[in-house]
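Please open the model in a viewer and keep the sequence panel beside it. The tour below proposes a series of selections and describes what each one shows.

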Amino acid sequence: MAEQEASGLQVLLHTLQSCSDRESILTILQLLGDLLSVGTDRRIRYMISKGGSEALLRTLVETARTASPDYVILLPLFRLLAKVGLRVTTGAMLGINGAMELLLKVITPYTQKHTRVIRAAAEVLAALLKSKSNSRRAVNRSYVPSLLRLHQDWHSHDTANSFVLIRWALLLCLKRIAKLRSGREAFLAAQGMEILFSTIQNCLDDQSLEPVISIVLQILRQCYPKSPLPLVTTSSAYSFPVPGIITSETPCVLTEEDYEDDGEEEEDKDSDSEDVKEEDDDLETDVNKLSSKPGPDRPEEELMQYKAMCLELSCSFEELESKPGDDLNSDETEYANHRHIPTAASPKGLCLNKDQISEGQEKEVPVQTSLLSRVKMGRSNVHLTSKRGPGMNSHQNVHSNGPGIGSSGSDVSNIQASFQEDAWDMDAISCPRISASFSNSAKTRETAKFIDQLLQTHLKPVVFHDPYLYMAKARITRSVADFTRMAFPDFWGHCPPLSAQPMLQRKCGVQRIKILEDVQRLIQPSDIINKVVFSLDEPWPLQDTASDCLQFFSAFESGNLRKAIQVRQFEYDLLVNADVNSTQHQQWFYFKVSGMRAAVPYRFNIINCEKPNSQFNYGMQLTLYSVKDALLGRPTWVRTGYDICYYKNHYRQRTAITGAASGKCYYTLTFTISFPHAEDTCYLAYHYPYTYSALMTHLDILEKSVNHKQVYFRQEVLCQTLGGNSCPLVTITAMPESNSADHLEQFRE
């Protein structure tokens, strides 16, 4: 039976090649179309193995050779060729034998005749161009300019959008060719970027042209020339000598030749691939192997040494010997409220005065014996009292002019008047020095005095925050960058928003507009300023306060902004710094920006992000903190920004760094902000910042705010970080009801 079927198919194919009767050819094509329209891809491979592609090609040659081709025969013939041409090896054979030239002969400029045949021919050509050898052949025979002219002609004449699929098929041909480097070069040489950019400028909102717009954007992004990041090196601007690791390598300088473009494969491979089923090896299926309670991985004797980290297990709780009827005194009652806010009126407020700050300014941080080191040394006789950090005891003194004083409306007007009349240095106020009160500069001391005055009129106390205590903690915090300034939101504090902020509803087409604006830089370079206004890699000052550009700054704790480039008058490219001693992990940003105009949309593009996708594509917004709003009683981080999207850009990392065949892709996070005030200073961050100094401040205030007869609170130093900062170990639990044996045993279970 199989032999009869094979002989029947061979008879049809042989007749198709030798027959010249029009009706017979149409009948055979109809039969072949019916055979291939049902079943699987296996039938196509079977027909090809019996010489089907050669028979179809010969019929195409005979039909298209005449001066007036028979379009009635060409339409079913092209539909069969489209199915056969999807097989890469078969498509390459058809291309070698001149099928593409015949197809281009059929694809004429705009006409309203034989449009179904022209569409089928364009789709067949796109199918043949899946073969890289055909794509190279198309480049060598200058098909790219011809296809661009054809698309331009159909686009300009098809005003009613009746032949969108023909335009789409022509663009698909260009997209297939652009997969090759030589194809992209030919596309750029033929002014393809300019042609496609201009063709879709006025039709972005036309839903009927969605297939055309989508593929045009894909081609533009594909053909945009790849380049390295505008950095001296992708290594972090900060480095730290790690003990035991010797690094003698010098930073690699980026050049245009440092990245590799997508290479071309020498051999054409079939695009079909079998899906490999992965088994869930991480799931345990043998019930006998399951254990309800796994045993320890080391002897229990070794685990006993870690009791040094659990002080509550050995505490005697002698302070609980007081009589059950004793009432708490006033101070203890005050600390019993876990949301206690220290103010100047508090009997035991936590505000530091300037004299107390000066006492510890030049002190070295005392190195405490960490719990981890005691464990390693086998020590278990640790003190049962809480180890306080440097300067903890001095917090008991009262600062007479601490935050929380003054709540009248006149304070707000006085602050506003001081900005207008005395012209204070807003830049110094918005990013104060850590030790501003003791600087030799008269201007710096004057600024510190003004900040003290502002703290006196601080209208809205912040829970678990004290600016003076934060300054003391920031002064003894060690950092690789050796920061000398504090970010104003961290120093001043911030309150939660008054209400929940909804997710941003993203407008349709925002990403397309942003991509086209990026393409516009390439085709209209005269409109680009391209001026570096901030850089950690440049030792000299780059910011011109007299110019109309924004000023940036990030040299403070948790700050991250490496470089800012003014692209247009109100548009900036930003690059964030990589992790210390690394070339990767660029996602977090936190920086200060000033010198803005009010109600003017500024666009920011962070161009060296690494994640392939982001929550910014699904409604997330960045956070903004306005210094002027904070001084007027609204110290709040707010979600802001619109026209937010996250997409792949044309920057690539060096292949020598990635170790891959092609350079790593970078992504752009773009957003637009209209600032609330003119000449304000604002802080922008990926999310709400939380610094190490803020952590240590909060722990100290939290320890003072709890009732120690009800809450067991201990703060120990687990170890010292490589940078020299203490890593705290905090234990918080309920105190036992008494120091009786039963209560202590219940407490320690």
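In which sense do strand E3 and E4 pair, and over how many bridges? Select residues 563-568, which form strand E3, together with E4: the two pair in the antiparallel sense, over 5 bridges. Please bear in mind throughout that this is a predicted model.

**The hairpin and its second strand**

Keep both strands selected and look at the connection. E3 and E4 form a hairpin, with 2 residues between them. For one pair of facing residues, label Lys563 and Leu575: Lys563 stands opposite Leu575 in E4.

Next, restrict the selection to residues 571-575, which make up strand E4. Is this strand mostly covered or mostly uncovered? E4 is mostly covered, with 5 of its 5 residues buried. Show the side chains and turn the view to compare the two faces. Glu571, Asp573 and Leu575 lie on one side, Tyr572 and Leu574 lie on the other, and all of them are buried. Both faces of E4 are thus covered.

Now add residues 601-609, which form strand E6. E4 and E6 run parallel and are joined by 4 bridges. Within this pairing, Leu574 stands opposite Ile606 in E6.

**The sheet of six strands**

Extend the selection to the whole sheet. Which order do its strands follow? The order is E1-E3-E4-E6-E10-E9, an open sheet of 6 strands with mixed pairing. At the edges stand strand E1 (531-535) and strand E9 (642-652); each has a single partner strand, so one side of each is left without a neighbour in the sheet. From one strand to the next, the twist averages 25°.

To follow the sheet past E6, select residues 665-674, which form strand E10. E6 and E10 pair in the antiparallel sense over 7 bridges. Here Asn605 stands opposite Thr670 in E10. Then display residues 510-523, which form helix H24. This helix packs on the sheet and touches E3, E4, E6, E9 and E10. The direction of H24 makes about 45° with that of E9.

**The sheet of five strands**

Move to the other group of strands, beginning with E2. The order E2-E5-E11-E7-E8 describes an open sheet of 5 strands, in which the pairing is antiparallel. Strand E2 (551-553) and strand E8 (638-640) are the edge strands, and each pairs on one side only. The twist in this sheet averages 35° from one strand to the next.

For a detail, select E2 with residues 590-594, which form strand E5. The two strands pair in the antiparallel sense over 3 bridges. Which residue of E5 is the bridge partner of Phe552? The partner is Val593.

**Two cysteines**

Select Cys645 and Cys665. Cys645 counts as buried because its relative accessibility is 0%. Cys665, in contrast, is partly exposed, with a relative accessible area of 23%. As for disulfides, the structure holds 0.

**A residue in a helix**

Go next to helix H8, residues 115-128, and pick out Ala120 within it. Why is Ala120 classed as buried? Its relative accessible area is 8%, and the cut-off for buried is under 20%. Display Leu75 and Phe78 as well: Ala120 is in contact with both, its neighbours within four places in sequence being left aside. Ala82 is also worth labelling, since its C-alpha lies 7.9 Å from that of Ala120 although the two are 38 residues apart in sequence.

**A residue in a loop**

Select Thr233, which is placed in the loop between helix H14 (210-223) and helix H15 (300-303). Thr233 counts as buried because its relative accessibility is 11%. Show the backbone of Ser235 too: its nitrogen lies 3.2 Å from a polar atom of the Thr233 side chain.

**The whole protein**

Finally, return to the full view. The secondary structure comes to 28 helices and 13 strands. Of the 749 residues in the protein, 46% are buried. The protein exposes about 38,100 Å², and carbon and sulfur atoms supply 51% of that area. Among contacts with a separation of 6 or more, 77% are between residues 24 or more positions apart.

Technical notes:
Residues numbered from 1 in each chain as written. Predicted model: local features only at pLDDT ≥ 70, side-chain atom pairs only at ≥ 80, totals over all residues. Heavy atoms only, no water. Buried < 20%, exposed > 50% of the residue type's maximum accessible area, 1.4 Å probe, protein only. Pairing = 2+ DSSP bridges. Contact = heavy atoms within 4.5 Å. Areas by Shrake-Rupley, 256 points an atom, 1.4 Å probe, with all protein chains shown as cover. Axes fitted to C-alpha atoms, helices over the stretch in contact; angles between N-to-C directions. Polar contact = N/O pair within 3.5 Å; in protein donor to acceptor, adjacent residues only side chain to side chain. Disulfide = S-S within 2.5 Å.
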